[in-house]
Amino acid sequence: MPAIVRRLGPRGLEEVDYAASSLAEAVVFEPFDGVYTVGNTWQSTKALLFDAHLDRLEASARQQRMPLDYDRQQLKAALRAMILTSDFGDVRFRISAPASRPDTLLITIEPYAPPDDALVRQGVRCVTSGAEQRKGPSAKTSDWMHIRARLQEALKPGIYEIILLDESGFMLEGASSNFYAILAGQLYTAGSAVLAGISRRIVLEVCQDILPLRLQAPHSDDLPTMLEAFLSSSSRGLIPIVEIDDRAIGNGAVGENTLKLRRAYERWVTEHLEEL
């Protein structure tokens, strides 16, 4: 089932001159210069922290000196109309704002399926890399969307995500996610030099009743003593990590604290969904 792409500008929703089978395939048609956000819906037209997505989109545009010009209610109505006419049910969406046309948004939707249960039961394998870092990491810029696609294409089979390292070896974030590690009974995650993920703010809230929080990036030298690790993103929630750089995390199985955090995260999501 192909993705649906529309352009939202001063004249309303318009068709684009290209077609793509997915959000990933549509990346090649989008400009390098711009900002974007990605999320998904529940019960077709309910979203989580949608205004927070737009707050971040606008903040990213300000950092790039882009005079973003759009109407939130018009955008919500346009996205809702695309969902209802698509017959996709739940969707994954990307909203992009090209720097060359700050009064125009690109809206792409595809059918959404939550992560396979096996990913949660078994956990995933990751690798670290210091080869690429996002420029201006607090902004969600379109150039990274293209760089990330290239990085993911180069991943070896069975590797789920790349954990980005800074020049000193600190583990900042995933290429498309935020990263967390449990060390000595505390939850560690970078407090700066990373994108403030929408899912991350939920994790930081729900963890308060489960683990002490340290807004400090774990170091790659900490891998032997990590008890648990996981990543988060808007479209995936929490995904346990059981191996990094061929080294088992803890006992190599999904940890109990990670599962507690995931359950708390899912409860929070259920309680805070809103209609577009």
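1. The β9–β10 hairpin. In this predicted model, strands β9 and β10 form a hairpin, with 2 residues between them. Strand β9 covers residues 171-174, and its pairing with β10 is antiparallel over 2 bridges. Within this pairing, Gly174 is placed opposite Ser177 of β10.

2. The β10–β11 hairpin. Strand β10 also pairs with β11 (residues 186-188), in the antiparallel sense and over 3 bridges. Leu183 has Gln186 of β11 as its bridge partner. This hairpin likewise has 2 residues between its strands, and Ala184 adopts a positive phi near 50° there.

3. The β10–β13 pairing. A further neighbour of β10 is strand β13, which spans residues 228-233; the two run antiparallel and are joined by 5 bridges. Phe179 of β10 stands opposite Leu231 of β13.

4. Burial of β10. How many of the residues of strand β10 are buried? The count is 7 of the 7 residues, 177-183, so the strand is largely enclosed by the rest of the structure. The cut-off behind this statement is a relative accessible area under 20%.

5. The pairings of β7. Strand β7 comprises residues 124-129. It runs parallel to β14 (residues 237-244), with 3 bridges between them, and Arg125 has Glu243 of β14 as its bridge partner. Strand β7 is also parallel to β8 (residues 159-165), to which 5 bridges join it. In that pairing, Thr128 is matched with Ile163 of β8.

6. The two faces of β7. Which side chains of β7 point to the buried face? They are Val124, Cys126 and Thr128, whereas Arg125, Val127 and Ser129 point to the other face and are not buried. The general pattern is that side chains of a regular strand alternate between the two faces of the sheet.

7. The surroundings of Val124. Val124 has a relative accessible area of 4% and is therefore buried, the threshold being under 20%. Leaving aside residues up to four places away in sequence, Val124 touches Leu119, Tyr160, Ile239, Pro240, Ile241, Val242 and Glu243. Among these contacts, Glu243 is also the bridge partner of Arg125 in β14. Val124 and Val254 are 130 residues apart in sequence, yet their C-alpha atoms are 9.2 Å apart in space.

8. Helix α6. Of the 9 residues of helix α6 (residues 198-206), 7 are buried, so this helix is largely enclosed by the rest of the structure. The buried residues are Ile198, Ser199, Arg200, Ile202, Val203, Leu204 and Val206. A charged side-chain type, Arg, is thus represented in this set, as positive side chains are taken to be those of Lys and Arg.

9. His53 and its contacts. His53 belongs to helix α2, residues 50-63. Is His53 buried or exposed? Its relative accessibility is 2%, so His53 counts as buried. Beyond residues up to four places away in sequence, His53 touches Thr37, Val38, Gly39, Leu48, Ile198 and Ser234. One of these, Ile198, is itself among the buried residues of α6.

10. The loop at Ser44. Ser44 is located in the loop between β3 (34-42) and β4 (46-48). With a relative accessible area of 24%, Ser44 is partly exposed. Apart from residues up to four places away in sequence, Ser44 touches Ile83, Gly89 and Asp90. The C-alpha atoms of Ser44 and Leu13 are 20 Å apart, and these residues are separated by 31 places in sequence.

11. Overall form. The chain contains 7 helices and 16 strands. Its radius of gyration is 18 Å, close to the 19 Å given by the globule rule for 276 residues, so the chain is as compact as a globular protein of that length. The C-alpha trace spans about 55 × 35 × 30 Å along the principal axes. Among contacts between residues at least 6 apart in sequence, 69% join residues at least 24 apart.

12. Burial, surface and charge. Buried residues account for 54% of the 276 residues. The accessible surface of the chain is about 12700 Å², and carbon and sulfur atoms contribute 48% of it. There are 30 positive and 37 negative side chains, and the centres of the two sets are 1 Å apart.

Definitions and conventions:
Residues are numbered from 1 along each chain as its sequence is written. This is a predicted model: local features need pLDDT of at least 70, side-chain atom pairs count only at pLDDT 80 or more; totals for chains, interfaces and linings use all residues. Side-chain values use heavy atoms; hydrogens and water are left out. Helices (H or I, at least four residues) and strands (E, at least two) are DSSP runs, numbered from the N terminus. The radius of gyration is taken over C-alpha atoms; the globule rule is 2.2 Å times the number of residues to the power 0.38. Buried means under 20% relative accessible area, exposed over 50%, partly exposed in between (1.4 Å probe, protein chains only). Contact means heavy atoms within 4.5 Å. Accessible areas come from the Shrake-Rupley method with a 1.4 Å probe; for residues, only the protein chains shown count as cover. The place of a charge is taken as NZ of Lys, CZ of Arg, CG of Asp or CD of Glu. Two strands pair if DSSP finds at least two bridges between them.
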